[in-house]
Each structure stands twice: as C-alpha cells, then as structure tokens.
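Please walk me through this structure in the viewer, saying at each stop what to select next and what is to be found there.

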Amino acid sequence: MGEEGTGGTVHLLCLAASSGVPLFCRSSRGGAPARQQLPFSVIGSLNGVHMFGQNLEVQLSSARTENTTVVWKSFHDSITLIVLSSEVGISELRLERLLQMVFGAMVLLVGLEELTNIRNVERLKKDLRASYCLIDSFLGDSELIGDLTQCVDCVIPPEGSLLQVPHRLLTLTLLPSLELCLLCGPSPPLSQLYPQLLERWWQPLLDPLRACLPLGPRALPSGFPLHTDILGLLLLHLELKRCLFTVEPLGDKEPSPEQRRRLLRNFYTLVTSTHFPPEPGPPEKTEDEVYQAQLPRACYLVLGTEEPGTGVRLVALQLGLRRLLLLLSPQSPTHGLRSLATHTLHALTPLL
C-alpha cells in the first residue's frame, strides 16, 4: 500500500452538469488550503471527457495517470464534482466518499432545490462561498476516520449509559473544552435552557463528563484490557453506522500516531474495496448465495517480512454486524492474528 497524507496536492472542481460552467475550485497542498488553481483548459478537458462518455452511455468514474488519481461523480444530473489527488497510493474509494461529503456540505448550506434546479449560475456561485470553509476542512488530513467509513466516530466513556440523551441544534458549554450539542423541539426557549437543562439535568453528570476528557485520542476507558501488541484499532458497527477508532490505545510506541493512522486508513480502503462488502445483508437473488457464502471473514497483511520482530501486522475480522481492524506490533506472530482479533472483538462488542 502507498502512503496517504504525505503532502500531496488535491484539486476539487464543481461544475454545472448541463453547461459545464465551473462553480468553484478548491485546492489543498499537504493538508492545508492552497491558492494554486487548475488552468481553465484542464478543467474543460476533465469535464469534456466525462460528458463525452455520458453521451455514449459510458459512465467514467475514475482514472489514474503516473502521479495523479482522478474521480468524477454526478449528483442529480445537475452537479458534477471532480477531484484530483497526487497522494501516493490514495484509493478511489476515499476520493469518492470525499465527493459525497462535499455535495452533502453544499446541500446543507445552499439547499438541494437550489442545486438541482439551477436558475442563476452567478447567484449560485456566490451562495456556494458559504460552503468553502467546510469543504476545505474535508481536503485536509483528519485525525478521525468517520469521513472515510461514513460512520460516527465514538469514544467509550466509563459511564456511557448515563450520557445517552432529540430538533433544534443547540450547543452549550458544559466544561472547558467540552460542549454539549443536542437536538430538541421548539421548547424550552433558549433563555430557560441553562436553568432547566444544565443546572437540573447536567450538573449531576459533570464528574462522569470530566472522566471523558482524559480519554482524548485513546477513546477507551482507562484500564480497558487490550493486548499489548495492539498499536491501533478500528471497530465498526455496520448497522448503527458507528465506529471506534484509536491509534494510541496503550501509550507511545513506534510507529508514530500519524503513521498508524495512515496505515489503518489505507488498510480499511483495501479490505472494503476488495474483501468485505460495504454493507451486510442477505443476497437479493438465489444465484448469489454461493458468492455470499464465499465472502471472507478475515484477512491479514504484513508490511515487511513475516519473521517475528520485523514488519507491522494488519488484520481484519468481520463477525455479523461488526468489523474490526487491528494494527499490531512486529512482535505479534502471524499464526495468532485471527485468535487475537477474535478475542479483541468479543471484548469490544459490549461497548459498540
């Protein structure tokens, strides 16, 4: 696998599908916004080859050159998004999900009606400026993994059951560096929230909440039993769309958290694209039963040699609605990877 997030350049193009008029172009270099823009001739060529394929009833979804990966995606036959990335080893899956998030941000801040029924291109360009900040954040490197897995990143506090509280979106400060975001109905009025909500309901929970703050990147309660070979883990609940992701489960070890995060993200795209189906479910047709029965339940990858003490190990295991990916130290023997993953998944199952 190549290494993602190593300072590559990303260009994001948004065009009106019917006319090919560019609506915006955003760029990122090394995870930070960049002013570099693509020439109009390149933008026209990228859109032109996509439209040419559509006219021939051919769907062009991705392409690779020697140093660039390109992904196209159309939304509601109205908006075309194109992303180009020079990151080594980046996957089409990651770029496609990036485009899905970008369109979601556009819908959130502009509205689906404005995007699917474009009346005034210049006005739409102006309205879309409100989405630039959010979209730029997608182009950088994330410490979480929900952008890739499309699941909600979770932490597991010591007393989680007490903290599970649904249509206004409100944000209230509970503790320094800890804010409460909640959805509620039309009442109570904002002026009454502090006395009614914070003082009455949340004041008794401040001590359990303080216990959440030290979790930080570890995401698991202190003392939770994890094998010492585990350098990072990703647990997904495919039905609830939640995930638990940490690259610092047992303190500081080599490789660095950034390298571990990159390895797990790469491994997730590999197993999701080539081994495991993205969603569990029964086969739709009888003839698919043989194929479904042959889907793998586990796989592993060794970076380096398989000799003990050399090369990190990556293992993936799927049981029912849960999928677990582990990054393991070079000391972990390959013959014990599945057993270790199974034991870890059983231990984490009550948490997610």
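A residue is called buried here when its relative accessible area is under 20%, exposed when that area is over 50%, and partly exposed in between. With that in mind, and remembering throughout that this is a predicted model, begin by selecting strand β5, residues 69-75: five of its seven residues are buried, so the strand is largely enclosed by the rest of the structure.

**The whole chain**

Before going further, display the entire protein, which has 352 residues, 43% of them counted as buried. Its accessible surface comes to about 19,000 Å², and carbon and sulfur atoms account for 55% of that area. With the cartoon switched on, the secondary structure amounts to eleven helices and 14 strands.

**Around β5**

Return to β5 and add β4, residues 62-64, to the selection; these two strands are joined by three bridges and run antiparallel. Between them lie four residues, the pair forming a hairpin, and within the pairing Arg64 has Thr69 of β5 as its bridge partner.

Now pick Ala63, which is located in strand β4. Its relative accessible area is 30%, and Ala63 is therefore partly exposed. If neighbours within four places in sequence are set aside, the contacts of Ala63 are with Thr68, Thr69, Val70 and Trp72. For a distance to check in the viewer, draw a line from the C-alpha atom of Ala63 to that of Glu92: the two residues are 29 apart along the chain, and the C-alpha atoms are separated by 8.8 Å.

Extend the selection to strand β6, residues 79-85, which is antiparallel to β5 and joined to it by seven bridges. Here Lys73 is matched with Leu81 of β6 as its bridge partner. The hairpin of β5 and β6 has three residues between the strands, and in this hairpin His76 takes a positive phi near 55 degrees.

**A nonpolar patch on the surface**

Next, move back along the chain to the loop between α1 (40-55) and β4, where Leu56 lies. Leu56 has a relative accessible area of 54%, and because the threshold for exposed is over 50%, this residue counts as exposed. Select Phe52 and Val58 along with Leu56, and show the surface: the three form a nonpolar patch with about 320 Å² of accessible area together.

**The six-stranded sheet**

Now turn to an open sheet of six strands, whose order is β7-β11-β10-β14-β13-β12 and whose pairing is mixed. The strands at its edges are β7 (152-154) and β12 (298-302); each has a single partner strand, so one side of each is left without a neighbour in the sheet. From one strand to the next, the twist averages 20 degrees.

Starting from the β7 edge, select strand β11, residues 242-246, which runs parallel to β7 and is joined to it by three bridges. Cys154 has Leu244 in β11 as its bridge partner. Leu244 is also the bridge partner of Leu235, so select Leu235 as the next stop. Strands β10 and β11 pair in the antiparallel sense over five bridges. In the hairpin they form, which has four residues between the strands, Lys241 takes a positive phi near 60 degrees.

Which residue of β14 stands opposite Leu235? It is Leu324, and the strands β10 and β14 run antiparallel, joined by seven bridges. Colour β10 (230-237) by accessibility at this point: the strand is mostly covered, with eight of its eight residues buried.

**The helices lying across the sheet**

Finally, bring in the helices, beginning with α9, which lies across β10, β11, β12, β13 (313-319) and β14 (322-328) and runs at about 140 degrees to β14. Helix α11, residues 337-348, also lies across β10, β11, β12, β13 and β14, running at about 125 degrees to β14.

Within α9, which spans residues 257-274, select Arg262. Is Arg262 buried or exposed? With a relative accessible area of 16%, Arg262 is buried. As a last distance, join the C-alpha atoms of Arg262 and Val247, which are 15 residues apart along the chain and separated by 9.8 Å.

Technical notes
Residues are numbered from 1 along each chain as its sequence is written. This is a predicted model: local features need pLDDT of at least 70, side-chain atom pairs count only at pLDDT 80 or more; totals for chains, interfaces and linings use all residues. Side-chain values use heavy atoms; hydrogens and water are left out. Patches are made of residues with over 30% relative accessible area and no salt bridge: like charges are joined within 9 Å, nonpolar side chains (Val, Leu, Ile, Met, Phe, Trp, Tyr) within 5 Å. Accessible areas come from the Shrake-Rupley method with a 1.4 Å probe; for residues, only the protein chains shown count as cover. A salt bridge is a side-chain nitrogen of Lys or Arg within 4 Å of a carboxyl oxygen of Asp or Glu. Buried means under 20% relative accessible area, exposed over 50%, partly exposed in between (1.4 Å probe, protein chains only). Two strands pair if DSSP finds at least two bridges between them. Axes are lines fitted to C-alpha atoms, for helices over the stretch in contact, and angles run from 0 to 180 degrees between N-to-C directions. Contact means heavy atoms within 4.5 Å.
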